[in-house]
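This report describes one protein chain. It goes from strand pairing to the overall fold, then to the interior and to two single residues.

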Amino acid sequence: MSFRMILGELIEGIPEAQGAILVDWEGESVDLAGRMDDFDLKVLGAHKGVILTNLRELIAKGRFAGADELHEILITTAQNETLVLPITLDYFLVLTLSRGEALGRARFAAKRCVERLRDEIA
């Protein structure tokens with residue numbers, strides 16, 4: 001199954017979802033799906049990659065007591081919520097959605113999507 005198909009199913013299952021992107025360790029888009037502009041989604045993915053890398057470095061340096069691994073990042077603004085989920089050390093998923101009541105469903109669906117993407121990458 002293609003990455004785009006997996007990402008598309010994630011987006012279709014969450015009405016509030018605006019876009020999902022699979023990004024590599026360099027911040028480059030591998031594949032994407034969504035209701036927003038592709039360029040904007042690629043920029044979003046690259047920027048969230050910088051945040052992920054910085055947080056991973058802080059955890060590795062022991063800056064967060066008891067933290068051993070980063071599982072998920074949630075960024076909330078007045079209008080949007082964005083999830084960043086590592087898939088492997090080299091790849092991660094970014095899912096952005098309109099702010100509302102779908103966050104719990106989105107987190108569950110995104111975690112299932114990560115498992116499917118991990119299987120495809122392996």
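Two strands count as paired if DSSP finds at least two bridges between them. The model discussed here is predicted. In it, strand β3 (residues 73-76) and strand β4 (residues 80-86) pair in the antiparallel sense, over 4 bridges. Within this pairing, I75 stands opposite T82 in β4. The two strands β3 and β4 form a hairpin, with 3 residues between them.

**The chain as a whole**

The protein chain holds 3 helices and 5 strands. Read from the N terminus, the order of elements is α-β-β-α-β-β-β-α. The radius of gyration of the chain is 14 Å, close to the 14 Å that the globule rule gives for 122 residues, so the chain is as compact as a globular protein of that length. Taken along the principal axes, the C-alpha atoms fill a box of roughly 40 × 35 × 25 Å.

Some totals for the protein chain are set out below.

| Quantity | Value |
|---|---|
| Buried residues, as a share of the 122 residues | 38% |
| Residues 24 or more positions apart, as a share of the contacts with a separation of 6 or more | 49% |
| Area exposed by the protein chain | about 7,000 Å² |
| Share of the exposed area supplied by carbon and sulfur atoms | 50% |

**The nonpolar cores**

Which residues touch the most other members of the largest nonpolar core? They are L7, L93, L95 and L117, in a core of 22 residues. The elements α1 (3-12), β1, β4, β5 (91-98) and α3 (103-121) each supply at least two residues of this core. The largest share, 6 residues, comes from α3. There is also a second, separate core of 12 residues, which includes I21, V23, L32 and L52.

L95 shows what such a core member touches. Leaving out residues up to four places away in sequence, the contacts of L95 include L10, I11 and I14, as well as A17, G19 and A20. L95 also touches E81, T82 and L83, and further along the chain A106 and A110.

In helix α1, the residues I6, L7, G8, L10 and I11 are buried. An α-helix has 3.6 residues a turn, so residues three or four places apart point the same way. The cover over the buried residues of α1 includes β1, β2, β5 and α3.

**Two buried residues in strands**

G19 is found in strand β1 (residues 17-24). Is G19 buried or exposed? Its relative accessible area is 0%, so G19 counts as buried, the cut-off being under 20%. Beyond residues up to four places away in sequence, G19 touches I11, A33, G34, M36, L41, V94, L95 and T96. One of these is V94, 75 residues apart from G19 along the chain; the C-alpha atoms of the two are separated by 8.1 Å.

D31 is found in strand β2 (residues 29-34). Its relative accessibility is 14%, so D31 also counts as buried. Which side chain joins that of D31 in a polar contact of 2.9 Å? The partner is R4. With residues up to four places away in sequence left out, D31 touches F3, R4, L7, I21 and L22. Among these, L7 belongs to the largest nonpolar core, while I21 belongs to the second core.

Notes: Residues numbered from 1 in each chain as written. Predicted model: local features only at pLDDT ≥ 70, side-chain atom pairs only at ≥ 80, totals over all residues. Heavy atoms only, no water. Buried < 20%, exposed > 50% of the residue type's maximum accessible area, 1.4 Å probe, protein only. Polar contact = N/O pair within 3.5 Å; in protein donor to acceptor, adjacent residues only side chain to side chain. Contact = heavy atoms within 4.5 Å. Rg over C-alpha atoms; globule rule 2.2 N^0.38 Å. Areas by Shrake-Rupley, 256 points an atom, 1.4 Å probe, with all protein chains shown as cover. Core = buried A, V, L, I, M, F, W, Y, C linked by side-chain atoms within 4.5 Å.
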